[in-house]
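Please look through the structure below with an eye to how its interior is put together. The paragraphs that follow begin at a single residue and work outward from there.

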Amino acid sequence: MSAGPSPFVPPAQPSPPSPPAPPATGPRPAGAVLTLSTVLVGLMAGLFFAFDVSVMPGLAAGDERTYVTAMRAFNKAIDGNPLFGTVFLLALVACVLSAVLEFRGGRRAVALWVGAAAAAYLVVLLITFTVNIPLNNELADAGDVAGMKDFGIVERFRTTWVTTNIIRTLLCTTALAALARALLLHGRTTR
């Protein structure tokens, strides 16, 4: 038997746990897009709400010629404003992108709330393109307001446009609430 030193081999130590793999999409870009979505939908909700509580009741208090003239002017100002068009359409794009980023980042609950907001806002766009814009065009094509004799178009416009605008306000507000919930959850899951 040899009296030489025996090499001491310490038992294998378990390696420290590896940090979790980073999510496919980091929280910062996703959070920025979610914030942008919230701001854009909030702007649209505010615009529709302003029409509900001030513009349309104010116009209803006047005569039909003033109503037609003012609505034509509002529609022309909105249609010709690239900032409005950008906000109006970008709100949906930002919501969809946000939902995708949140889902890819593993924040499924956040993605569901953003997806719900996107769905509500998509209905707003559908109502706008199928009801409100055709009514705006019909009012624009009704001829010279000074020579108008039949103002039946104003009553049809008033009842349908105002009703659908209230629906758009409610849908935008619902989308905004869903995005606020998504922001709260996003903040909790990315701390």
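E102 belongs to helix α3 of what is a predicted model. With a relative accessible area of 0%, E102 counts as buried, because the cut-off for that class is a value under 20%. Leaving aside residues up to four places away in sequence, the contacts of E102 are with A30, G31, L34, R107, R108, V110, A111 and H186. Of the helices whose ranges are given, α1 covers 27-60, α3 covers 82-104, α4 covers 108-140 and α5 covers 152-189, and α2 covers 64-79.

Seen as a whole, the protein is built from 5 helices and 0 strands, and its elements follow one another from the N terminus as α-α-α-α-α. Of its 191 residues, 35% are buried. When contacts between residues at least 6 apart in sequence are considered, 81% of them join residues at least 24 apart. The surface that the protein exposes amounts to about 11100 Å², of which carbon and sulfur atoms supply 70%.

What holds the centre of the nonpolar interior? The largest nonpolar core comprises 27 residues, and those with the most contacts inside it are V41, M44, V114, Y121, C172 and L179. At least two residues of this core come from each of α1, α3, α4 and α5, with α4 giving the most, namely 8 residues. C172 offers a view of the packing in this core, since it touches V41, M44, A45, F48, Y121 and V124, not counting residues up to four places away in sequence. Apart from this core lies another one, of 16 residues, among them L59, A70, M71 and V145.

The remaining feature to follow is the largest pocket, which has a volume of about 310 Å³. Its lining consists of 19 residues, and the closest of these to the pocket centre are I78, D79, F84, T128 and I133. Two or more lining residues are given by each of α1, α2, α3, α4 and α5, and the largest share of the lining, 5 residues, comes from α4. Helix α4 is thus named twice, as the element that gives the most to the largest nonpolar core and as the source of the largest share of the pocket lining. Sorted by class, the lining of the largest pocket has 10 nonpolar, 7 polar and 2 charged residues.

Terms used:
Residues are numbered from 1 along each chain as its sequence is written. This is a predicted model: local features need pLDDT of at least 70, side-chain atom pairs count only at pLDDT 80 or more; totals for chains, interfaces and linings use all residues. Side-chain values use heavy atoms; hydrogens and water are left out. A nonpolar core is a set of buried Ala, Val, Leu, Ile, Met, Phe, Trp, Tyr and Cys residues joined through side-chain atoms within 4.5 Å. Buried means under 20% relative accessible area, exposed over 50%, partly exposed in between (1.4 Å probe, protein chains only). Helices (H or I, at least four residues) and strands (E, at least two) are DSSP runs, numbered from the N terminus. Contact means heavy atoms within 4.5 Å. Accessible areas come from the Shrake-Rupley method with a 1.4 Å probe; for residues, only the protein chains shown count as cover. On a 1 Å grid over the protein atoms alone, a cavity is a set of points where a 1.4 Å probe fits but cannot get out, and a pocket is an open set with protein on both sides within 12 Å along at least five of seven lines; lining residues have an atom within 4 Å of a point. Grid points are joined across faces, edges and corners, and a volume is the space filled by probe spheres set on the points. Ala, Val, Leu, Ile, Met, Phe, Trp, Tyr, Cys and Pro count as nonpolar, Asp, Glu, Lys and Arg as charged, and the others, Gly among them, as polar.
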